[in-house]
Structures are given as structure tokens and as C-alpha cells.
Amino acid sequence: MWICFTLLAAIAQAVRNAFQKQLSLNVPVLGVTLARFFYAVPLASGYLYFLYQYDETLNIPDFPPLFFVYAIAAGLAQIMATSLMVKLFHLKNYAIGVGLAKSEAVWAALLGVIFFGVTISGIGWFGVILGGVAIFLMTGSSNLRQLSWKTPLLGIGSGLCFALTSLWVREASLQLHSHYLFSAAWVLFAVITFEAVVLVIYLALFQRDTLAKFFRLPKLGILTSLFSFLGSFGWFNAMSLNHVAFVKTLGQVEIFFILGISYFIFKERLKIQDFVGLVLVVFAAVLVVLG
């Protein structure tokens, strides 16, 4: 089941990134970041309400203090990760930066082993590393000599923050000791609501112009939030069922959809190394599942 949730998340995330890229042409960084969360709050609320209407015997779980600690930490990390990713949209070597941000699976594995007691087999580790290599190939990272430090630092920072988000989301979900659907739904609601509230308050106080520009493009904002919700729905459920490193490495198949969008929507040509990377990312995903 976690594989199905991961594939849903990968597709939704690829589409969301395309909308965010379009939105970033007219809206500053934090406004584009807000688009990921703002209209997703009623969707997360509605989904939670639907679950409890479907099974009226369920009670609201107890929320230990650690749940809120992990949820808030995950929300702050995701805001930072998204902001860094949006900044990469403005750089000429955007593709390489995105590839570096995809180091998130490797970061998730390393942080999971160091801090969260996760154990990964040799095959699983090989899959994690191979997935990272495949991403670098498909994003043209052979041109590293032409890079300034700004791009790799933004990309690696984004990947690290996304990895922390995933790990803390899983820990928050485990605090509730409930069925994975309900645990994931509560974490989804808590994290998205926190992110939306924090960003709206900050922008209202310090960047009102950014908030105004965001509200002038409701269609792109709603579509970004919709696919963000679907992506988070998939990720949060998958990470409630399996280790973050495995989920995120299998989620690298998102590159299939990113390359498809680049070719058919943005009319960008694929290089030979892109196809080599596609083969490697599929192989890596299989190794992770077997591991």
C-alpha cells in the first residue's frame, strides 16, 4: 500500500512543482511558498472530517506534547525547504539545483540511521545511493565546474530540510498510536494549518505586497494547493507505513513525470544522460523495495 501512496505523491508533486514554477514568475518566494499550503487547509480539514464520518466509532486521539513538537518542526522545515526550492527556480542552472535538492532521500537515510534508529540493509543502501546518482545524471550535473556555490548550497539545503520534514512527519504520526490513515490525516491537518497560519501572519506584518500578489492569481494558487495536498496525502500515509528513506527513494520516480512535463508542456528536449538516469532510477526503486 505504501508504494501506491508514494506513486500518487510523486505524480502530484511533479504537477505542483510545475504550477509553482509558473507562479514564481509573478510572485515573490514566500508568496509561492504560501501557495503550497493556503488553499490546502480546507482540503485537509474536509478529509479529516470525512474519515470520522465514515467510521463514527473512532475517537479523537490523545495528542502528547511530542506530537506538537514534531509537527511544528516539520512545518518550519518544509517552509524553509520550499522557499529554497523556489529560489532555485530563478537560477540559470535550475536543473542542477533541483537535482541537488533531490539528495533528500540520501539525507533521510543518513539522518534516520543517526537519530531515529532506522536500520537499512546493504541492498537498500545501494538503492538509496544509486537513486541519488541517477538524479544527478538526469539533471545535467556533469557541469559542476560552471556552478557558483550558491546553487549547490541552496539545493543541498533544500534537500536536507525536505528530509528533516519527512522524518519529523513520521515521528509525529507515530506519536498518535492510531490507524495509519487517521494518524497521517491528523499530521497533515496540523502541519498544513500551522504553515498557512505562520506564513499569512508573517506576510501580513512584513510583506503585504507579496500577499497581495499571491491573491491576484487565485487559479494558480488553488491548483498549487490542490496538488500539494494530494502530494502530502500520499507522502504522509506512505511514511506512516514505511521508513522515510525507502519512501523517498521510491518517490524519485517523480523524475519520470518531471521529464514528461518538461518535454510535453515546456517543450524541453531530453539528453542521453536523462534516459540513462531513468533506467537507473527505476533500478534504484526496485532495490529499495527489495531491501
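A residue counts as buried when its relative accessible area is under 20%. The exercises below apply this cut-off to a predicted model.

**Exercise 1.** Determine which residues of helix α10 are buried, and why they lie on the same side of α10.

*Solution.* Start with the extent of the helix: α10 spans residues 208–215, and within this stretch the buried residues are Thr210, Leu211 and Phe214. Next, consider their directions around the axis: these residues cover an arc of only 100°, which puts them on the same side of α10. Finally, look for what lies over them: the cover of the buried residues of α10 includes α2 (29–35), α9 (180–206) and α11 (218–241).

**Exercise 2.** Establish whether glutamate 195 is buried or exposed, and how far away the nearest side chain of opposite charge is.

*Solution.* Locate the residue first: glutamate 195 belongs to helix α9. Its side chain must then be tested for a partner, and although glutamate 195 is buried, it has no salt bridge, the nearest side chain of opposite charge being that of arginine 36, 6.3 Å away. For a salt bridge, a side-chain nitrogen of Lys or Arg has to be within 4 Å of a carboxyl oxygen of Asp or Glu. To complete the picture, leave out residues up to four places away in sequence; glutamate 195 then touches Phe37, Ala74, Gly75, Gln78 and Ile79.

**Exercise 3.** Describe the protein as a whole, asking how many helices and strands there are.

*Solution.* Counting the elements gives 14 helices and zero strands. Turning to burial, 54% of the 291 residues count as buried, while the protein exposes about 13,500 Å², of which carbon and sulfur atoms supply 71%. As a last step, take the contacts with a separation of 6 or more: residues 24 or more positions apart account for 88% of them.

Key
Residues are numbered from 1 along each chain as its sequence is written. This is a predicted model: local features need pLDDT of at least 70, side-chain atom pairs count only at pLDDT 80 or more; totals for chains, interfaces and linings use all residues. Side-chain values use heavy atoms; hydrogens and water are left out. Helices (H or I, at least four residues) and strands (E, at least two) are DSSP runs, numbered from the N terminus. Buried means under 20% relative accessible area, exposed over 50%, partly exposed in between (1.4 Å probe, protein chains only). Contact means heavy atoms within 4.5 Å. Accessible areas come from the Shrake-Rupley method with a 1.4 Å probe; for residues, only the protein chains shown count as cover. The arc is that of the directions from the helix axis to the C-beta atoms. Lys and Arg count as positive and Asp and Glu as negative; His and the chain ends are not counted.
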